[in-house]
Amino acid sequence: MVTLGLIPRNVLTVLCCCYYCRKDQHLLSSVNCWYLLLNQTRRESRDHATLSDIYTNNVIVRLAQISEDVIRLFKKVSETVTSSLLVCTN
(Lines give C-alpha, C1' and ligand atoms only; values in the text may rest on other atoms or scores of the structure.)
Protein backbone atom coordinates (compact mmCIF):
# COMPACT_ATOMS: atom_id res chain seq x y z
CA MET A 1 0.00 0.00 0.00
CA VAL A 2 1.35 3.43 -0.95
CA THR A 3 0.90 6.22 1.56
CA LEU A 4 -0.13 9.64 0.28
CA GLY A 5 2.93 11.20 1.92
CA LEU A 6 5.20 9.42 -0.57
CA ILE A 7 3.34 10.60 -3.69
CA PRO A 8 4.56 13.92 -5.12
CA ARG A 9 2.10 16.81 -4.79
CA ASN A 10 1.70 17.33 -8.55
CA VAL A 11 0.74 13.67 -9.01
CA LEU A 12 -1.87 13.98 -6.26
CA THR A 13 -3.29 17.10 -7.91
CA VAL A 14 -3.77 15.32 -11.21
CA LEU A 15 -5.20 12.22 -9.55
CA CYS A 16 -7.68 14.30 -7.58
CA CYS A 17 -8.64 16.20 -10.72
CA CYS A 18 -9.32 12.94 -12.52
CA TYR A 19 -11.23 11.52 -9.55
CA TYR A 20 -13.54 14.51 -9.09
CA CYS A 21 -14.30 14.93 -12.79
CA ARG A 22 -16.05 11.59 -13.20
CA LYS A 23 -18.98 13.31 -14.88
CA ASP A 24 -16.75 14.02 -17.87
CA GLN A 25 -15.52 10.65 -18.99
CA HIS A 26 -12.99 12.13 -21.40
CA LEU A 27 -11.14 13.62 -18.39
CA LEU A 28 -10.89 10.22 -16.73
CA SER A 29 -8.71 8.57 -19.31
CA SER A 30 -5.21 7.74 -18.16
CA VAL A 31 -3.81 9.53 -21.20
CA ASN A 32 -5.45 12.79 -20.12
CA CYS A 33 -4.27 12.33 -16.54
CA TRP A 34 -0.68 11.85 -17.74
CA TYR A 35 -1.09 14.82 -20.07
CA LEU A 36 -2.18 17.01 -17.14
CA LEU A 37 0.71 15.73 -15.04
CA LEU A 38 3.18 16.37 -17.86
CA ASN A 39 1.94 19.93 -18.39
CA GLN A 40 2.11 20.72 -14.69
CA THR A 41 5.61 19.28 -14.48
CA ARG A 42 6.73 21.37 -17.46
CA ARG A 43 5.25 24.49 -15.85
CA GLU A 44 7.05 23.78 -12.58
CA SER A 45 10.27 23.09 -14.48
CA ARG A 46 10.07 26.49 -16.22
CA ASP A 47 9.38 28.16 -12.89
CA HIS A 48 12.36 26.45 -11.28
CA ALA A 49 14.62 27.39 -14.18
CA THR A 50 13.53 31.04 -13.93
CA LEU A 51 14.15 31.11 -10.20
CA SER A 52 17.50 29.41 -10.71
CA ASP A 53 18.58 32.07 -13.21
CA ILE A 54 17.48 34.89 -10.93
CA TYR A 55 19.17 33.52 -7.84
CA THR A 56 22.32 32.36 -9.62
CA ASN A 57 22.99 35.72 -11.25
CA ASN A 58 22.29 37.70 -8.07
CA VAL A 59 24.24 35.36 -5.81
CA ILE A 60 27.30 35.37 -8.08
CA VAL A 61 27.39 39.17 -8.17
CA ARG A 62 26.93 39.42 -4.40
CA LEU A 63 29.61 36.80 -3.69
CA ALA A 64 32.05 38.69 -5.94
CA GLN A 65 31.36 41.87 -3.95
CA ILE A 66 31.86 40.02 -0.67
CA SER A 67 35.11 38.53 -1.95
CA GLU A 68 36.43 41.98 -2.85
CA ASP A 69 35.40 43.30 0.58
CA VAL A 70 37.16 40.43 2.34
CA ILE A 71 40.36 40.98 0.36
CA ARG A 72 40.26 44.70 1.14
CA LEU A 73 39.70 44.00 4.86
CA PHE A 74 42.49 41.44 4.92
CA LYS A 75 44.94 43.93 3.43
CA LYS A 76 43.84 46.63 5.89
CA VAL A 77 44.18 44.30 8.89
CA SER A 78 47.59 43.11 7.66
CA GLU A 79 48.81 46.70 7.37
CA THR A 80 47.46 47.54 10.82
CA VAL A 81 49.05 44.50 12.44
CA THR A 82 52.37 45.15 10.71
CA SER A 83 52.40 48.80 11.78
CA SER A 84 51.41 47.83 15.35
CA LEU A 85 54.25 45.30 15.50
CA LEU A 86 56.72 47.91 14.25
CA VAL A 87 55.55 50.41 16.86
CA CYS A 88 55.79 47.80 19.65
CA THR A 89 59.32 46.76 18.71
CA ASN A 90 60.62 50.34 18.72
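**Exercise 1. What percentage of the 90 residues of the protein count as buried?**

Let's work through this predicted model together.

- Step 1. A residue is buried when its relative accessible area is under 20%.
- Step 2. With that cut-off, 7% of the 90 residues count as buried.
- Step 3. In helix H3, the buried residues are Cys33, Leu37 and Gln40.
- Step 4. Turn to the surface: the protein exposes about 8,000 Å², and carbon and sulfur atoms supply 65% of that area.

**Exercise 2. List the elements of the protein in order, then check the span of H3.**

- Step 1. The protein has 3 helices and 0 strands.
- Step 2. Reading from the N terminus, the order is α-α-α.
- Step 3. Helix H3 covers residues 30–89. At 1.5 Å a residue, its 60 residues should span 88 Å.
- Step 4. The end C-alpha atoms of H3 lie 84 Å apart, which agrees with the expected span.

**Exercise 3. Find the salt bridge and describe where its two partners sit.**

- Step 1. Recall that side chains of opposite charge can pair when their charged atoms come close.
- Step 2. The cut-off to apply is 4 Å between the side-chain nitrogen and the carboxyl oxygen.
- Step 3. Asp69 and Arg72 pass, with their closest N and O atoms 2.4 Å apart. The count comes to 1 salt bridge.
- Step 4. Both partners belong to helix H3, 3 residues apart, so about one helical turn separates them.
- Step 5. An α-helix has 3.6 residues a turn, so residues three or four places apart point the same way.
- Step 6. Asp69 is partly exposed at 31% relative accessible area, while Arg72 is exposed at 52%.

**Exercise 4. Which residues make the nonpolar surface patch of about 640 Å²?**

- Step 1. The members are Leu51, Ile54, Tyr55, Val59, Leu63, Ile66 and Val70.
- Step 2. Take Ile54 as an example: this residue is in helix H3.
- Step 3. A patch member needs over 30% relative accessible area. Ile54 has 43% and counts as partly exposed.

**Exercise 5. Which element has the lowest mean pLDDT, and which the highest?**

- Step 1. Start with the whole protein: its mean pLDDT is 80, and 68% of its residues reach 70 or more.
- Step 2. Among the elements, helix H1 (residues 9–20) has the lowest mean, 58, and H3 the highest, 91.

Key: Residues numbered from 1 in each chain as written. Heavy atoms only, no water. Helix = DSSP H or I, 4+ residues; strand = E, 2+ residues; numbered from the N terminus. Buried < 20%, exposed > 50% of the residue type's maximum accessible area, 1.4 Å probe, protein only. Areas by Shrake-Rupley, 256 points an atom, 1.4 Å probe, with all protein chains shown as cover. Patch = residues over 30% accessible without salt bridge, like charges linked within 9 Å, V, L, I, M, F, W, Y side chains within 5 Å. Expected span 1.5 Å × (residues − 1). pLDDT = per-residue confidence, 0-100.
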